[in-house]
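Reader: I'd like to go through this one by asking how each label was earned. Could you show it to me first?

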Amino acid sequence: MSQTTSHRPAPAAPDCAIRLSGLHRRFPGRGGVSTKALDGVSLDVAAGEIFGIVGRSGAGKSTLIRCVNLLERPDSGEVFVLGEDMLMLGDRALRERRRGIGMVFQHFNLLSSRTVADNVAYPLEIAGIPAAERAPRVAEALSLVGLSEKAGAYPAQLSGGQKQRVGIARALAPRPRILLCDEATSALDPETTQEILGLIKRLRDKLDLTVLLITHEMAVVKEICDQVAVMEAGQVVEQGRVFEVFTRPQHPTTRRFIADTIGYAVPPGTVSRLPAARPGEERRLLQVLFAGPNSTRAVISEASRRFELDLDIISGRIDAIGEEPFGLMALAAYGATAQIDAAIAWFGELGLTVTPVNEGA
Ligand SMILES: Nc1ncnc2c1ncn2[C@@H]1O[C@H](COP(=O)(O)OP(=O)(O)OP(=O)(O)O)[C@@H](O)[C@H]1O
C-alpha cells in the first residue's frame, strides 16, 4: 500500500454477507447530553445464517439494524454488505442495493387503503418495475408466505399473523438476498409467533437468505437463530453460536436473558419443604445447566463424594436448542460453605453452568 492511500479495512470474506465494524452512533439528547446508541459495535453475519441481536429496550438494536441498509448512518465505522462498502455508495447505487435487503417491521407498516397484492407490489412500483412484471412477482411472494387467496383482501380484514405474512411477502417481492427483521414477532401472540418464526426459517432455507433479526426475547433466538449477539448500552457484550451462548453464557446480561427464557424458577412451595441445614453447615440452591458429554447423574454423585455434600435434586428437565439437547436441574446443596464453593468451581471446570437460586424465588 502506498503512503498516500488512506487505510480502509479489508472487504468482508466471500461467505460473510454482512460485516459491521467499529460502528459508533450518537444522538443529541436533553440538556446537551448525547446518547451513545452504538458504541463500537462489530459483527460478521455469514451468508445463509439467521443471526439474532438481543437486548433490552434502548440497547441500540434498532439503530444497529438500520445501519445495515443505511437508513441510519453511523458516525464512524464500516458497513459491508455482500462484500460492498455501503458507505462509499452514491444515492442511486444505495437505492439500488437496498432492494437486495428486505425489511420486516414489528407493526407491519401496511398501507390500509391498498389490497394485500398492492401492498406487496409497492416496493416494485417504487423500483420502477413495469406492471406486467410486477404481477408474477407479487403472486410468487404471496405464494411463498401461503397467502395467495388473500391477494384481494385489505389489511383490516386480516389477523396479525396474516398481516405479518404480507409484510414478509412485501419484503421478498424484490427478491432480496438479505432479510432484516425488526422485532417481527413482538406484536404477535405466542402461537402466531411460532408460526412466523417457522416461516422465516423455511424461507431462509428455500431462498438461501441471510437473516439478521433484532428482538428483546431470547426465546426467539432459541427458536430460530444460528448465532446471537447480546447488546447492552450500545455495545455487544457477548456473541457466538446460540447453543454455546445458552449453555455457557459469560456475561451477566446474557445470564439474565437466558434465565428469563429457559425458566430458572424453582417450582413453587419446593423451598419451604426442604430440610434446614445442619448446624455449622449451609443450604444453597443451585441451578445447573448440563450440555455435552458429562452425564448428569454421574456428575452429581461424584460431586457429592468429592466434596462431602448432600445434593438433592429438586427439579430437572431436558430441553433442546435446534437439534442439540441440554439439561437444566435445580439442586439443594447441603454442606460446609467452602465445600459448596469448591463443588461449584469443579462443575465449572467440567463445562457446566451453575447459577445460585434465590431462596425466595
Ligand atoms: N433518532 C433518535 N434521536 C435521539 N435518540 C435516539 C434516536 N434513536 C435512538 N435514540 C436513542 O438511542 C438509544 C438506542 O436506541 P435504539 O432504538 O437503537 O434501541 P433498541 O435496543 O432498538 O430499543 P427499542 O427496543 O426500545 O427500540 C436509546 O437511548 C434511544 O433513546
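Author: Sure, and keep in mind that this is a predicted model. Let's start at one spot on the backbone: just after α12, Gly-351 takes a positive phi of about 90 degrees.

Reader: What makes α12 close to the expected length for a helix?

Author: Helix α12 covers residues 337-349, which is 13 residues, and from its first C-alpha to its last it reaches 19 Å. The expected span is 1.5 Å times one less than the number of residues, and for α12 that comes to 18 Å, so the 19 Å is close to it.

Reader: Which residues of α12 are buried?

Author: Ile-340, Ala-343 and Phe-347. To be called buried, a residue needs 20 or more other C-beta atoms within 10 Å of its own.

Reader: How do you know that they are on the same side of α12?

Author: Around the axis, the three buried residues cover an arc of only 60 degrees, and that puts them on the same side of α12. There's a general reason behind such patterns: an α-helix has 3.6 residues a turn, so residues three or four places apart point the same way.

Reader: And which residues are exposed on the other side of α12?

Author: Ala-338, Ala-345, Gly-348 and Glu-349 are the exposed ones there. For that label the count has to be 12 or fewer.

Reader: Why is His-24 called partly exposed?

Author: His-24 has 15 C-beta neighbours inside 10 Å. Buried starts at 20 and exposed stops at 12, so a count of 15 falls in between and His-24 is partly exposed. As for its place in the fold, His-24 lies in strand β1, residues 16-27. Its C-alpha is 4.7 Å from that of Leu-38, although the two are 14 residues apart in sequence.

Reader: Why is α3 called oblique to α4?

Author: The axes of α3 (residues 116-126) and α4 (residues 131-144) come within 9 Å and cross at roughly 125 degrees. Roughly perpendicular runs from 65 to 115 and roughly antiparallel needs over 145, so this angle makes α3 oblique to α4. The crossing of α3 past α4 is right-handed.

Reader: What does UniProt place at residues 18-258?

Author: The unreviewed UniProt entry gives "domain: ABC transporter" for that stretch. In the model, the span is 38% helix and 27% strand, with its end C-alpha atoms 26 Å apart.

Reader: How many helices and strands does the chain have?

Author: There are 12 helices and 14 strands. Of the 361 residues in the chain, 36% are buried, and the C-alpha trace spans about 80 × 60 × 45 Å along its principal axes.

Terms used
Residues numbered from 1 in each chain as written. Predicted model: local features only at pLDDT ≥ 70, side-chain atom pairs only at ≥ 80, totals over all residues. UniProt positions renumbered as here; feature names shortened; annotations may be inferred. Helix = DSSP H or I, 4+ residues; strand = E, 2+ residues; numbered from the N terminus. Arc of directions from axis to C-beta. Axes fitted to C-alpha atoms, helices over the stretch in contact; angles between N-to-C directions. Parallel < 35°, antiparallel > 145°, perpendicular 65-115°, else oblique. Left-handed = near helix turned anticlockwise from the far one by under 90°.
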